[in-house]
Amino acid sequence: MAISEQVRAECRQLMDRYPQDRSALVPMLHLLQSEQGMVTAEGLELCAELLDLSTAEVRAVATFYTMYRLRSQGGEHHIGVCVNTACGLLGGDAIFDALSKRLSVSNGEVTADGRFTLERIECQAACTHSPVVTVDWEYFDQMDIDKMMDVIDKLEAGEEVVATRGPAVRGWRAAEKTIAGIDDGLGYKSDAIDSLMLAGLNQAKERGETAPDPKDF
Amino acid sequence: MALTPVITAHWDEPDCFTVDGYKKVGGYRAIKKALKMDPDDVINIIKDSGLRGRGGAGFPTGMKWSFVPQNDGHPHYLTVNGDESEPGACKDIPIMMANPQALIEGIIITCWAIRAEHAFVYIRGEVPEPIRRMHAAVADAEAHGFLGENILGSGMNLKLTVTSGAGAYICGEETALLDSLEGRRGQPRLKPPFPAVAGLYSAPTVINNVETITSVPYIIENGVSWYRSMGTDKSPGFKVWAVSGHVNRPGIYEAPLGITMGELLDYAGGIRDGHELKFWLPGGSSVPLLLQDHLDTPMTYEDIAAAGSMLGTGTPMLFDDTTSVVKAITRWLEFYKHESCGKCTPCREGTAWITGSLERFQEGVGRSEDIEGLVELSNHILGRSFCALGDAAATPYEPALKAFRSEFEAARHQPVDEAFPPAATMIIPPETANLAGAAT
């Protein structure tokens with residue numbers, strides 16, 4: 001599949017954001033992965049061409065970062081299960097095993113029908129919300145096996161699935177485009193703040209505690 | 001000690017993340033003050049405030065800013081580190097989602113102080129929600145004239161670029177972050193030169209954590225004595241604590257430095273019912289574990305260090321009596337092994353050797369020499385690696401062996417999942433026993 005003129009234009013738009021073009025490489029690889037479902041040889045060559053690098057230099061960067069797929073197409077939805085200590089031991093391990101069994105794939109594999117990629121992922125900076133699962137990298141907080149099976153049921157039925165802190169999932173490739181820094185129009189739309197993020201504020205209000213009043217100084 | 005919501009004070013307002021919502025609660029007043037001041041005076045205020053970096057090292061922020069050479073003919077850059085990937089750390093992502101405008105106001109003030117005209121927020125790649133929110137917040141601030149040319153008639157120009165990584169913990173290390181931001185493999189650089197002298201594109205660069213920069217507008221607006229009325233002399237101010245693990249009310253709590261873990265635990269509803277605290281880490285997986293005895297230690301950089309650990313990111317993880325310390329540490333080492341960038345031998349090889357040793361304990365086939373071997377191996381890494389990732393991987397064993405040696409001894413013959421059934425450690429245990437037994 002040829003890379004469209006629009007994507008080339010978006011690559012140049014990313015390059016314009018930095019004093020030096022090469023700084024756009026990491027986001028550009030996300031964008032090309034979004035376009036093609038993986039980082040292809042063609043994608044690497046386009047980066048090299050636009051940034052005046054050798055394809056070997058571009059490949060050296062692409063192979064360093066774990067989010068790029070260089071060998072095979074990713075599934076329609078990416079399911080990431082945090083298995084670091086605070087999530088894994090508190091439930092993530094069991095969630096991963098249940099998903100692995102249900103989807104008949106192991107870590108990093110894509111289901112035969114191409115619907116799901118399943119991955120053991122590292123800490124998602126949401127330990128307060130453990131066990132954390134991501135669908136297309138959106139937060140699904142405080143998950144358990146039942147809730148996760150329900151999510152998979154809905155995704156398989158093509159129903160809407162909304163993140164606990166974030167928008168309705170839109171597929172892995174759409175998420176990769178957001179991560180690349182191309183506006184998806186959702187920045188102010190989702191409900192990103194939940195009760196756990198307000199735990200301290202609510203406690204402070206209940207107990208009548210506040211920061212010192214600046215007027216007193 | 002009382003909670004002191006400052007950064008988090010308005011997170012229950014539906015529009016707290018927009019320019020309009022932020023202005024309603026006093027936002028964008030501090031830049032009006034700052035842009036009328038001499039940049040050096042802004043640096044001095046931050047120096048006097050005693051604000052210390054919230055990314056883990058606790059380096060004095062104002063001092064870091066003052067290292068940037070002035071009138072040197074080079075462009076200067078500010079890079080905000082939003083790579084938050086340390087296991088246990090989960091405060092910067094919430095800040096970027098709920099209070100991005102305070103971060104942007106802090107960026108403007110910092111750039112005025114260090115004379116930078118281009119700033120970056122580098123966010124880890126795996127988190128589209130804060131990425132899209134930061135992009136929207138920057139566009140909002142641009143539309144209101146807080147970014148761009150001649151900001152508020154001050155003559156200051158500032159471009160702010162939100163950029164993302166692609167899954168590499170090491171890019172939270174400041175020089176690795178710079179390499180990643182330059183479009184390279186994210187591997188740490190040898191220091192010196194320090195980034196303040198030769199950072200992004202070899203130009204003077206300040207790198208600060210999200211929470212650090214978000215604290216700046218509140219200090220400028222409310223003053224040094226207000227700021228220093230919270231916390232202690234050497235560790236002043238408010239702090240966003242993210243409390244996780246086996247507690248009844250995990251979440252974000254904002255309180256001064258110097259609050260104790262015991263007090264924070266009270267706000268967080270205590271350890272889950274029917275269980276007792278076994279061990280806790282004050283600030284991420286890279287700091288030594290502490291015990292019940294340390295619940296009364298003030299959470300300052302100095303006091304936590306004196307207790308044998310480090311404050312780190314100030315995001316305590318607490319584990320109860322169902323948790324295998326061997327398994328917890330093994331999981332962290334598997335992480336460091338996975339995330340080692342491979343540049344230096346002690347870290348690349350050492351993390352693999354230690355992980356192998358720990359995995360033998362986990363499976364119940366630990367060797368007697370493995371116990372002392374952990375300490376010996378870690379001594380081959382500690383202080384010998386390029387960056388702090390290696391040191392972090394070398395950190396856990398001495399305190400763990402001191403408090404829980406018998407668990408390591410037992411794990412020479414018995415798999416940890418037998419001694420500590422995984423289902424008991426889970427918050428919501430699976431109903432079927434076969435799933436519980438299949439962990440790891």
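**Buried charged residues and the interface of chains A and B**

Lys239(B) lies in strand 5 of chain B, which spans residues 238-245. The model described here is predicted. The relative accessible area of Lys239(B) is 1%, so this residue counts as buried; the cut-off is under 20%. Its side chain makes a polar contact of 2.9 Å with the side chain of Glu211(B). The side chain of Lys239(B) also reaches the backbone oxygen of Thr313(B), at 3.0 Å. Both partners recur in the list of residues in contact with Lys239(B), neighbours within four places in sequence left aside. That list also holds Arg54(B), Lys91(B), Tyr253(B), Glu254(B), Ala255(B), Leu257(B) and Gly314(B).

A second charged residue of chain B, Asp320(B), is placed in strand 8, residues 317-320. Asp320(B) has 0% relative accessibility and therefore counts as buried. Its side chain is joined to that of Arg272(B) by a polar contact of 2.6 Å. Residues up to four places away in sequence are not counted among the contacts of Asp320(B). Those that remain are His246(B), Ile271(B), Arg272(B), His275(B), Glu276(B), Leu277(B) and Lys278(B).

Helix packing in chain B is illustrated by helix 13 (residues 325-339) and helix 17 (residues 397-410). Their axes are 10 Å apart, and the angle between them is about 135 degrees. The two helices are therefore oblique to each other. Helix 13 of chain B contributes Val325(B), Val326(B), Ile329(B) and Leu333(B) to the contact. Helix 17 of chain B meets these residues with Tyr397(B), Ala400(B), Phe404(B), Glu407(B) and Phe408(B). By class, eight residues of this contact are nonpolar, one is charged and none is polar.

Chain A has eight helices and four strands. Along the sequence, their order is α-α-α-α-β-α-β-β-β-α-α-α. The C-alpha atoms of chain A fill a box of roughly 60 × 55 × 30 Å along the principal axes. Chain A has 217 residues, and 62% of them count as buried. Contacts in chain A were also sorted by separation in sequence. Of those between residues at least 6 apart, 64% join residues at least 24 apart.

The two chains meet at an interface. On the chain B side, 101 residues are in contact with 82 residues of chain A. About 7,100 Å² of area is buried between the chains. Carbon and sulfur atoms give 61% of that area. Within chain B, the most area is lost to chain A by Arg132(B), Ala166(B) and Arg331(B). Together, these three account for 10% of what the chain B side buries.

Arg133(B) has contacts in both chains. This residue is placed in helix 7 of chain B, residues 128-143. Arg133(B) is buried, with a relative accessible area of 0%. A polar atom of its side chain lies 2.9 Å from the backbone oxygen of Gly187(A). The backbone oxygen of Ser190(A) lies 3.1 Å from a polar atom of the Arg133(B) side chain. With neighbours within four places in sequence left aside, the contacts of Arg133(B) in chain A are Gly187(A), Tyr188(A), Lys189(A), Ser190(A) and Ala192(A). In chain B, they are Phe17(B), Met96(B), Met97(B) and Pro100(B). Phe17(B) and Arg133(B) are 116 residues apart in sequence. Their C-alpha atoms are 8.5 Å apart in space.

Terms used. Residues numbered from 1 in each chain as written. Chains lettered and ligands numbered in written order. Predicted model: local features only at pLDDT ≥ 70, side-chain atom pairs only at ≥ 80, totals over all residues. Heavy atoms only, no water. Buried < 20%, exposed > 50% of the residue type's maximum accessible area, 1.4 Å probe, protein only. Polar contact = N/O pair within 3.5 Å; in protein donor to acceptor, adjacent residues only side chain to side chain. Contact = heavy atoms within 4.5 Å. Axes fitted to C-alpha atoms, helices over the stretch in contact; angles between N-to-C directions. Parallel < 35°, antiparallel > 145°, perpendicular 65-115°, else oblique. Nonpolar A, V, L, I, M, F, W, Y, C, P; charged D, E, K, R; others polar. Buried area = accessible area lost by both parts, 1.4 Å probe.
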